[in-house]
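Some labels in structural biology rest on a simple cut-off, and it is worth asking how each one is earned. Please look at the model below with that in mind.

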Amino acid sequence: MRGANQAKWVVAAVAVALAATACGSNGGSSSGSSNGGGAVNAQGTFSYQSTEPQNPLQPANAMEVGGGRIIKTLFKGLVDYDPSNGQLRNQVADKIETTDAQNYTVTLKSGWTFHDGTPVTAKSFVDAWNWSANVKNNQINSDWFSDIQGYTDVHPDEGDPKATTMSGLKVVDDTHFTIALDGPVSYFEYKLGYTAFSPLPEVFFTDPAKYGQSPVGNGPYKFVSWEHNKAVTVAAYDKYAGVDKPKNAGIVFKNYAQAEGAYKDLVSDNLDVLDQVDPSDLASYKSDLGDRAVDQAQGAIQSISFSLYADDWKPENLAKVRQGLSMAIDRDTITKTVLNGSRQPANSWVAPGAMGYKDDTCGEYCTFNPEKAKQLITEGGGVPGNKITVLYNADGGHKEWVDAVCNSIRQATGVECVGDAKPDFKTSRDLIKNKKVDGLMRTGWVQDYPLNANYLRDVFGTGAAANDAGYSSPAFDQLAAEADKATSVEKTAELYQQAEAQLAKDMPAIPLWYYKTTAGYSKNVQNVKYDSFGDPVFTQVEVKQK
Amino acid sequence: MPDMIEKSAPAGEDAIPAQRGGAVAEAKAEKPRSLGLDAWHDLRKRPVFIISAVLIVVLVLFAIAPGLFTSVDPRAGDLSKHYLSKPNYLHLFQADWFGYDGQGRSIYARMIYGARASMVVGICVTAGVTIVGGLLGMAAGYYGGWVDTIISRFTDMAFGIPLLLGALVILNAFQVRTVWSVVFALVVLGWTQMTRVMRGSVITVKQSDYVTAAKALGAGTGRIMFKHILPNAIAPVIVVATIALGGYIAAEATLSFLGIGLQDPTISWGIDINSAQKVIRQAPFVLFFPAGMLSVTVLAFIMLGDAVRDALDPKLR
Amino acid sequence: MGRYVARRLLQMIPVFLGTVTIIFFMTRMLPGDPAAAMWGDKAADPAQLAAFKHARGLDLSKWQQYLHYMGDLFTGDFGLTMNNRKVIDVIGEALPVTIRLALLAFVFELVVGIGIGLFAGLRRGKAFDKSTLVLTLLLISIPVPVLGFVFQNVFAIQLGWVTPTVQSSTNLGQLILPAVVLGSISLAYVARLTRTSIAENLKADYMRTAVAKGLPRRKVIGTHLLRNSIIPVITFLGTDLGALMGGAIVTEGIFNVQGVGNSLYHAIGRSEGATVSGFVVVLVLVFLFASLLVDLLYAVLDPRIRYA
């Protein structure tokens, strides 16, 4: 998933991503209980800056942030991530057992109920997954089930599905079911934390479309109302059986067309919790909000990729030119000035916080050095045509930094550089996907799960869906293949670190900076913490006594 | 209201309708000296005209030869000067006269270099819209009947197209977008309003006694339209056009903002106004100068329009 | 008159069909694949994408889609949005909001604009006239977002009279601020058009006659001057009413008003053909009636203008 901030899609990607990461980089935040102390009103509700869900509220059908975050409060799967330390923790699952990373036995806790009072059973999961994976049901996230045996029966590449159930899923009894995968996936449990793997109640299957307008889940909050284009309201579910019981009575997901408006509402206490500070208020939000301002790391990275398939960049000996261009970018100054400190300069292809993150894998190639940059470009034979363009989408707020990067390259090396704006994300996406870019392009990645494999194999593996550069390195591919076969996550991460070293040699994409969560909250609430994906920990928010 | 009767009866057959207030036909157009020459003699004496003409000449000079006014590269950015360098108003004509923008580029240099694209867009779109809309509006208003029906209903149809949709579709059709594709798109999307304004104005003027008189005297259609109706009907068109000129310069910026307008390395006031909005809290002066130039341009044309209209309008003599 | 109105109403049918057709094909010409855009940043699963397109009829040819759309339209079915809601419901939510906002803005520019223009025209060349010019220049050169920003800061954050954004779109008091911002640009046009027209007609013979007859000044201005000067202003206001109803993307965005502008903006951004067409279908009707109304007003204001 490639992404960038501001545009709703990006944030969308954040929602897709699993909860917290195993990083401990939650530090640096001024949020937390330090500013607490007010009496708490357990019956109080608060509002949160959101956007209109783009799809019916079905757990496997939310990819963008508007629906994604709401789904996360309404549903709870087998596992999730502890927002305080990013560790995987069991929720509905009592235990998930495997010996070969391919066959899993799941045991459920008892006592979990859906918001309509019916119990959560093994069947609730298996039926939900079978339904969501079925190509005919048009769920955006249907390919999340592709590891499971029999997936191609319900989700063939072409034509109608041959079956309605996946052979890899078997209900043993009310509290047990088994999962068989096509092959070992050492980090499958990480994936299970994603909302697509949520259970569904019986009532769902009677009318999925109607259900999508008023969902019944098993999460900490139950659905109350959806006023289209205005707000979605949820209320705390008093029979919630999870470990993270809500400390407040409910949330209003308030729809904002522009982040500027949300920010002004927050400053005047008409909105309680912010998603992101808009660019025009970044320079002053810390002085506006004081200790209610939030600034912490996020699991996403911004980069610019080369169209290695285009005639200009096809020749194999251009790696030095690419490294030179990377060294011509003054990341420190750009993040401090143009981006107002809302990003952290990158020196690797994996954001800190992901398991397997290694500092400075890019080394000197990600350090600003105009002389060395010029020298490398000359040694590499020069930039084709002595001119580059950087493709980006105009609806994502990228113009400022693309201009700054181009300025930096132009002044450091004399290579002409211009931004090439396309009106919107889907237009630029079309060009990138169909490999029609002739030059450089803005790319980014928001992690699906907090593991370096996700940043590397899914972006740089030969033929990977998100391999926009068209990069293909036998050395990289081989290390990735070995890593995937490992039976422990630790070993997988380590082998991927070796694969990452290959990227510094080839420089198919220039890492620019890691994302940060820049947000804040109103005087009405306290104990507002954000996980490393930029999502507030909704259940922990405390509403102050008026 | 009395029952309506056919309005476009041939001149001479129709009784001259009683006019409210008892206005009498003015036959100034029958003077020996031509209206245009007359207007020009009049114009030269008006200070408003002289001031506006000087302003416009300076702006046009900016557009033609920006290098005369500054030697600074308007694209060269130095991030160490990012907003922090406030304008230095004593450094006349130097890079830091008006300070630096968010990319550390000289605002003064960008103000000078931005004139070309902005002036081209502003003037050409206004001219295009006025000519297209003016002619259509005049035809619709003067002839009435089925000509009016076709033009007016077509205008209604074009009016229904959301600007954003139209701009996206038109500008995406261009492989390479230049100033001229932006001009084209804005004219295509902008002529409707001018058509209606002109039509409305012509409908009123057409009923005047002097038009009836001219018809009775056997003046040709072209002569009536351009010598009698146009000078009397042009006032609202000039007002709308001069204000719209500023609107088009700003519209260009909106298109750029949406990624379908002018792009780097082109420089325009509109683009700078747009990016300055984001930093209005930190550095309002970044907005002030390009927006000020826009104001000055509009002011010059409003004054010019006022002067020309006064000179053309016999009633105001 | 009756026949004229009847003819104009009949003319609406081809105009309506023409516009719907144009819009339909324009939305299909928008760049980018709307179905693939559902996946956002992620690459769409090809099998799912194909199934999705099939379910929405997006795999049919444009002409087939067009015939289906027109067929549905005649039965009053505006189709579905990408997230499976009825387009007519979406319009039903957004349109009333925009109507309220547009009418407020319209009244503002009408009353204030004509008022300012009248006084400036009567005192042509005097201080008030010159300050009107300055006001016009300011309104034109200040971008709407900046005006919105200043208003939000002054009236909401400093003075605390209102909330920065509109909390309830049914509360007219909260809509005043966005309405003033929305009407401000047109205010410049209305004021200058009125001023010019007034100044021009002030010298007309009927004015001299009216004054000579010894009519009171108020009556001279009200019945004679204003009535004869207002036609260009009416023309402009007619076109502007349509534009206001079409929604204001920027103003609605700043004040978080969920009206036509926002809905259209998002629908265009996602290339949602059915939603865009649906809105335009309704808006075209508004434009057509506004245009008819203006033409009828011409005849009311100036009896020399007649329609058969």
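The questions that follow concern a predicted model, and each answer sets a value against the rule behind it.

Q: Why is Gly218(B) called exposed?
A: A residue counts as exposed if 12 or fewer other C-beta atoms lie within 10 Å of its own. Gly218(B) has 9 C-beta neighbours inside 10 Å, and therefore it counts as exposed. Its place is in the loop between α7 (209-216) and α8 (221-257) of chain B, and its C-alpha atom is separated by 18 Å from that of Leu230(B), twelve residues apart along the chain.

Q: How do you know what a straight helix of 37 residues would span, and what does α8(B) span?
A: The expected span is 1.5 Å times one less than the number of residues, which gives 54 Å for a straight helix of 37 residues, whereas α8(B) spans only 46 Å between its end C-alpha atoms. Along this helix there is a bend of about 60° at Leu230(B), and a proline, Pro231(B), follows within four residues.

Q: What makes the length of helix α3 of chain B agree with its number of residues?
A: Helix α3 (residues 107-143) of chain B has 37 residues, so at 1.5 Å a residue it should span 54 Å, and its end C-alpha atoms are 51 Å apart, which agrees. The helix nevertheless holds a kink of about 35°, centred on Ala115(B).

Q: What makes α3(B) and α8(B) mostly covered?
A: A residue is buried if 20 or more other C-beta atoms lie within 10 Å of its own. By that rule 27 of the 37 residues of α3(B) are buried, and 31 of the 37 residues of α8(B) are buried, so both helices are described as mostly covered. Just after each helix comes a glycine with a positive phi: Gly144(B), at about 60°, follows α3(B), and Gly259(B), at about 80°, follows α8(B).

Q: How do you know which part of chain B is listed as "domain: ABC transmembrane type-1", and what is its helix content?
A: The name comes from UniProt, where an unreviewed entry lists residues 115-305 of chain B under it. In the model, this span is 83% helix and 0% strand, and its end C-alpha atoms lie 20 Å apart.

Q: What makes up chain C, helices or strands?
A: Chain C has 13 helices and zero strands. Of its 308 residues, 53% count as buried, and its C-alpha atoms fill a box of roughly 85 × 55 × 30 Å along the principal axes.

Q: How do you know which residues belong to the contact between chain C and chain B, and how do those of chain C divide?
A: Two residues are in contact if their C-beta atoms lie within 7 Å, and on that basis the contact takes 66 residues from chain C and 55 residues from chain B. The residues on the side of chain C divide into 43 nonpolar, 16 polar and seven charged.

Q: What makes up the side of chain C that touches chain A?
A: Here 36 residues of chain C are in contact with 49 residues of chain A. The largest share of this side of chain C, six residues, comes from α2(C). The residues of this side divide into 16 nonpolar, 14 polar and six charged.

Key
Residues are numbered from 1 along each chain as its sequence is written. Chains are lettered from A and ligands numbered from 1 in the order in which they are written. This is a predicted model: local features need pLDDT of at least 70, side-chain atom pairs count only at pLDDT 80 or more; totals for chains, interfaces and linings use all residues. Helices (H or I, at least four residues) and strands (E, at least two) are DSSP runs, numbered from the N terminus. The bend at a residue is the angle between axes fitted to the seven residues ending there and the seven starting there. UniProt positions are given in the numbering used here, feature names are shortened, and annotations may be inferred rather than shown by experiment. Ala, Val, Leu, Ile, Met, Phe, Trp, Tyr, Cys and Pro count as nonpolar, Asp, Glu, Lys and Arg as charged, and the others, Gly among them, as polar.
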